[in-house]
Amino acid sequence: MTSNIDYIDKIPNNVDLGRDRVLQRALEHWQPAYMGWWYDMGPNESHNYDVYLRTAISVDAEGWAQFDYVKMPQYRWGIFLVPPTAGREVNFGVNKGQPAWQDVPGEYRSMLRRIIVTQGDTEPASVEQQRMLGMCAPSMYDLRNIYQVNVEEGRHLWAMVYLLHRYFGRDGREEAEALLDRRSGDADNPRILGAFNEPTPDWLAFYMFTFFTDRDGKFQLSSLAESGFDPLARTCRFMLTEEAHHMFVGETGVGRIVERTAQVMAEHHLEDPGQVRALGVIDLQTIQRYLNFHYSVTLDLFGGDVSSNAASYYTTGLKGRYEETKIADDHQLTDATYKVGTVSNGRVIEEEIPALNALNERLRDDYIGEVQAGVDRWNKVIEKHGVAFRLTLPHKGFHREIGNYAGYHISPDGEVMTEAGWNARRDEWMPSAADYTFVQAMMQGRVVEPGKFANWIAPPRRGIHTKPIDFEYVRFN
Ligand code: BYC
């Protein structure tokens, strides 16, 4: 027993873990299963490396994290909630004005559990999707960054498991176990949401994923950080602190690939994608196709455009809008409407529906605004090199499998096409098998000499946490 108690003490936390015997016992059972999962599904061949990692150690805005070499299986996956706000209320829906719930409201229990499980399921899924990428990292700096993302996704799983164990009794414990049983892409026991069953086969895909899909994480966590269930709100608020770095990795990763390609194109006065590829960099057309894929599967993660689930989550006070408390309206949406796109008579049209049913779509629109700003920044890099190409976001209905556009074949320009017509042009718009082969061939083996970078990516502007770019971020032992 003593060793178990020592272990609990080793989990950095601000939830008084040491005093909660029930929770301790639950975590003592779950933790070995988690470690088993990490050894099986965590980053391949990494278990003995010393990695220069950030570990969350408190919730202070200044100094919430510490940086040091850690072997990942010994990472201290901690449990942190931002401190409670005195007098916090449920800020929207029919329960608006009630004191925020410190315990699960009985009538909303299964809905709340479902949200927490869905959120929790994405975290290990992304680690599974990325587990082979360390083998072909473009630099030690990038290798360290993917490991940082992976351990923090692990911590985000802990965050959701904490809520399940602490507030949901036996079915919470069962759900926590199931989170370690599902596998990304598994035919029999897949992860819950579509994008988390897609492979992340190379580093361009990884950066696209962290730019697009981790940003869905930001928007979903922000909505959950508005929750009337206070422990969920406080947990998600702290998770957002870590999420920022993941999106930084994605934006700068794609940005550095774009920069390197644009540099080579400018230097050699080339535009033809085949000639660009021959110089060992990724042509901008391929980058556009990856963008189209990751953007569209991530748009699906916001759920149906018209959703009674989303309406219930809001009405009950469990999941708010992005920055709910900064919005000036009644926070009940009794009479409000919202525009959603749909297909009618072979064309995309907009229709007004009750705002309450359009909450997924509204969050998707908030997300798209931020994504567009990132794409604009990539385009500035291309422009700076005098290259004429521009990256664009495809139409919202392009390649969608969830919501009003599902079942239609919509071009990146928003034209509703026949299935045959769309399929005939598919490889212009989405990465083809040949694109994946090309990109993966370029990423054979990893570049691990400190300060060296693969030819297809520019170095970052600066290193991690004031360390130089050629710092030894990973020691392979
Ligand atoms: N794939 O009413 P609807 C992150 C299902 S990412 C498969 O439209 P709802 C991270 C849905 O379950 C953020 N199925 O949807 C990023 C429902 O099923 P039932 C993760 C889907 O419920 C990178 C049916 O379709 N967090 O953190 O309003 C690395 C009709 O559903 C999908 C969350 O998602 C899909 N894409 O909205 C690591 C927050 N979409 O009832 C981490 C929690 C819908 O017919 N989740 N379905 O069986 C939610 O708030 C909601 O579940 C969703 C879906 C917004 C995802």
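In the predicted model, helix α11 is followed by glycine 386, whose phi is positive, near 75 degrees. The helix itself covers residues 359-384. With 26 residues at 1.5 Å a residue, α11 should span 38 Å, and its end C-alpha atoms are 38 Å apart, so the expected and computed spans agree.

The protein chain as a whole contains 13 helices and seven strands. Its radius of gyration is 23 Å, close to the 23 Å that the globule rule gives for 477 residues, so the chain is as compact as a globular protein of that length. Along the principal axes, the C-alpha atoms occupy a box of roughly 65 × 65 × 45 Å. Of the 477 residues, 57% are buried. The exposed area of the protein chain is about 19,400 Å², with 48% of it supplied by carbon and sulfur atoms. When contacts between residues at least 6 apart in sequence are considered, 72% join residues at least 24 apart.

Strand β1 comprises residues 50-56, and seven of its seven residues are buried, so the strand is largely enclosed by the rest of the structure. In a regular strand, side chains alternate between the two faces of the sheet. On one side of β1 lie Asp50, Tyr52, Arg54 and Ala56, and on the other Val51, Leu53 and Thr55; both faces are covered. Strand β1 pairs with strand β2 (residues 65-71) in the antiparallel sense, over seven bridges. An antiparallel arrangement also holds between β1 and strand β7 (residues 474-475), which are joined by two bridges. Aspartate 50 takes part in both pairings: its bridge partner in β2 is lysine 71, and in β7 it stands opposite arginine 475.

A further antiparallel pair is formed by strand β3 (residues 337-344) and strand β4 (residues 347-354), with eight bridges between them. These two strands make a hairpin with two residues between them. Serine 344 of β3 stands opposite arginine 347 in β4. In the turn, asparagine 345 has a positive phi of about 50 degrees.

The count of salt bridges in the model comes to 35. One of them connects arginine 113 and aspartate 171, with the closest N and O atoms 2.3 Å apart. Arginine 113 belongs to helix α3 (residues 109-129) and aspartate 171 to helix α5 (residues 169-181), so this pair ties together parts that are 58 residues apart in sequence. The two partners fall on either side of the 20% limit for burial: arginine 113, at 18% relative accessibility, counts as buried, whereas aspartate 171, at 23%, counts as partly exposed.

Another salt bridge is formed by the side chains of glutamate 242 and arginine 155, at 2.7 Å from N to O. Glutamate 242 lies in helix α7 (residues 230-268) and arginine 155 in helix α4 (residues 140-167), so the pair ties together parts that are 87 residues apart in sequence. Both partners are buried: glutamate 242 has a relative accessibility of 0%, and arginine 155 has a relative accessible area of 1%.

The salt bridge between glutamate 449 and lysine 452 has its closest N and O atoms 3.6 Å apart. Glutamate 449 is partly exposed, at 48% relative accessibility, and lysine 452 is likewise partly exposed, at 44%. Elsewhere, Asp121, Glu128, Arg182, Arg183 and Arg191 are joined into one network by salt bridges that share partners.

Valine 15 is located in the loop between α1 (2-10) and α2 (21-41). Despite this loop position, valine 15 counts as buried, with 17% relative accessibility. Apart from neighbours within four places in sequence, its contacts are with Ile79, Leu81 and Tyr162. The C-alpha atoms of valine 15 and glutamine 98 are separated by 24 Å, and these residues are 83 residues apart along the chain.

Methods
Residues numbered from 1 in each chain as written. Predicted model: local features only at pLDDT ≥ 70, side-chain atom pairs only at ≥ 80, totals over all residues. Heavy atoms only, no water. Pairing = 2+ DSSP bridges. Helix = DSSP H or I, 4+ residues; strand = E, 2+ residues; numbered from the N terminus. Salt bridge = Lys/Arg side-chain N within 4 Å of Asp/Glu carboxyl O. Buried < 20%, exposed > 50% of the residue type's maximum accessible area, 1.4 Å probe, protein only. Rg over C-alpha atoms; globule rule 2.2 N^0.38 Å. Contact = heavy atoms within 4.5 Å. Areas by Shrake-Rupley, 256 points an atom, 1.4 Å probe, with all protein chains shown as cover. Expected span 1.5 Å × (residues − 1).
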